[in-house]
Amino acid sequence: MDHSEQKHLEQVPYYAEQGGEAALFAHAFAQRLPVLIKGPTGCGKTRFVEHMAARLGRPLITVSCHDDLSAADLVGRHLISERGTVWADGPLTRAVRTGAICYLDEVVEARKDTTVVLHPLADDRRVLPIERTGEHIAAAPGFMLVVSYNPGYQNVLKSLKPSTRQRFIALNFDYPVPEVEQAIVTRESGVDAAVAQRLVALAQALRRLTAQDLEETVSTRLLVMAARLVVSGITLPTACQAAVVDALTDDADTAAALAEVVAAVI
Ligand code: ADP
């Protein structure tokens, strides 16, 4: 099954820069270098790629990788139809043929054999060999390969092979500095600046906690969600309970500890 999503963005989606990443990405595009974006969940990786695709005038094809994702899911497969067997391009093949930006989100989730199909595309050759059809497709000029992953989830089994990794330039993302994060929360939710400031102060306090019981700390995405609840009429403490505390943990003790931080800051 094809879990990809294709976007032609006419307007450039809002993206607040963290420091030089837009210029680096644009140069990578010009030099036909594939890009690896590392960073925690909800810190702006996907928004950044959408923003850059629109700025560079390229269509964007996004694939959310999962542990069942096979090479055929990316490249394509033969399908049985009324007219017999027909070949159907997968999202990667579509991007290669049409010169789109192909974004593989959480690439380390995909099966190991899957990433191998990226190798000839991610070096000077820029070709996609399709075993099943015998085709060798040269990537159209606008084609670019972008992958992301979250190093926080990384374990020995789930990391990129060095042979894959060393084909990409890497951009390191993290949650934005407070002033930038406040601007994002305001802009994305329409909440007033004072509330955005308190939410960002809460995030700062929570991110200082030791990550013992939490797999991940509060993301910019969760702050935006809390702010949207406030704009919609929910009180700030209730919004923080739903969009931050209960969103981050299932453990009652951890939730109580987080709720204390909320009570102290909000
Ligand atoms: P990731 O792909 O890293 O998990 P996203 O790009 O989906 O995260 O970001 C989640 C949400 O947070 C976005 O939809 C947007 O509202 C907001 N966001 C995070 N960082 C930024 C940023 N730098 N500029 C604009 N919006 C951002």
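Start with A110: leaving aside residues up to four places away in sequence, A110 touches C65, L69 and T115. You'll find A110 in the loop between β6 and α5 (112–116). Keep in mind as you look around that this is a predicted model. Is A110 buried or exposed? A110 is buried, because 25 other C-beta atoms lie within 10 Å and the cut-off for being buried is 20 or more.

Now jump to L222, which lies in helix α9. L222 has 22 C-beta neighbours inside 10 Å, so L222 counts as buried too. Which residues does L222 touch, not counting those up to four places away in sequence? They are G42, A243, V244 and A247.

Here are two pairs of residues, with how far apart they sit along the chain and in space.

| Pair | Separation in sequence | C-alpha to C-alpha distance |
|---|---|---|
| A110 and M52 | 58 residues | 24 Å |
| L222 and T254 | 32 residues | 17 Å |

**The whole chain**

Let's zoom out. The chain has eleven helices and ten strands. Taken along the principal axes, its C-alpha atoms fill a box of roughly 65 × 40 × 35 Å. There are 266 residues in the chain, and 37% of them count as buried. What about contacts? Take those with a separation of 6 or more: residues 24 or more positions apart account for 72% of them.

**The cores**

In soluble globular proteins, nonpolar side chains tend to be buried together. In this chain, the largest nonpolar core has 42 residues, and the members that touch the most others are I101, C102, L145, V146 and V147. Several elements give two or more residues to this core, including α1 (21–30), β2 (35–38), β3 (60–64), α4 (91–98) and β6 (101–105). Which element gives the largest share? That's β9, with five residues.

Take I101 as an example. Not counting residues up to four places away in sequence, I101 touches A53, R58, L60, M144 and V146. Apart from the largest core lies another one, of 25 residues, and L222 is among them, along with V200, V218 and V224.

**A pair of helices**

Two packed helices are described by the angle between their axes and the distance between the axes. Try this on helix α10 (residues 236–248) and helix α11 (residues 252–265): their axes come within 10 Å and cross at roughly 145 degrees. The crossing of α10 and α11 is right-handed. On the α10 side, the contact is made by P237, C240, Q241, V244, V245, D246 and L248. On the α11 side, A255, L258, A259 and V262 take part. How do the residues of this contact divide by type? Nine are nonpolar, one is polar and one is charged. You've met V244 of α10 already, as one of the residues that L222 touches.

**Around the ligand**

Last stop: the ligand. How many residues surround the ligand, and which are the closest? There are 17 of them, and the closest are G44, K45, T46, R47 and R221. The elements that give two or more residues to this shell are α2 (45–56), α7 (178–189) and α9 (220–231). You already know α9 as the helix where L222 lies. By type, the shell around the ligand divides into seven nonpolar, six polar and four charged residues.

How values were computed:
Residues numbered from 1 in each chain as written. Predicted model: local features only at pLDDT ≥ 70, side-chain atom pairs only at ≥ 80, totals over all residues. Near = placed C-beta within 6 Å. Helix = DSSP H or I, 4+ residues; strand = E, 2+ residues; numbered from the N terminus. Nonpolar A, V, L, I, M, F, W, Y, C, P; charged D, E, K, R; others polar. Axes fitted to C-alpha atoms, helices over the stretch in contact; angles between N-to-C directions. Left-handed = near helix turned anticlockwise from the far one by under 90°. Contact = placed C-beta atoms within 7 Å. Core = buried A, V, L, I, M, F, W, Y, C linked by C-beta atoms within 7 Å. Buried ≥ 20, exposed ≤ 12 C-beta atoms within 10 Å, placed from the backbone.
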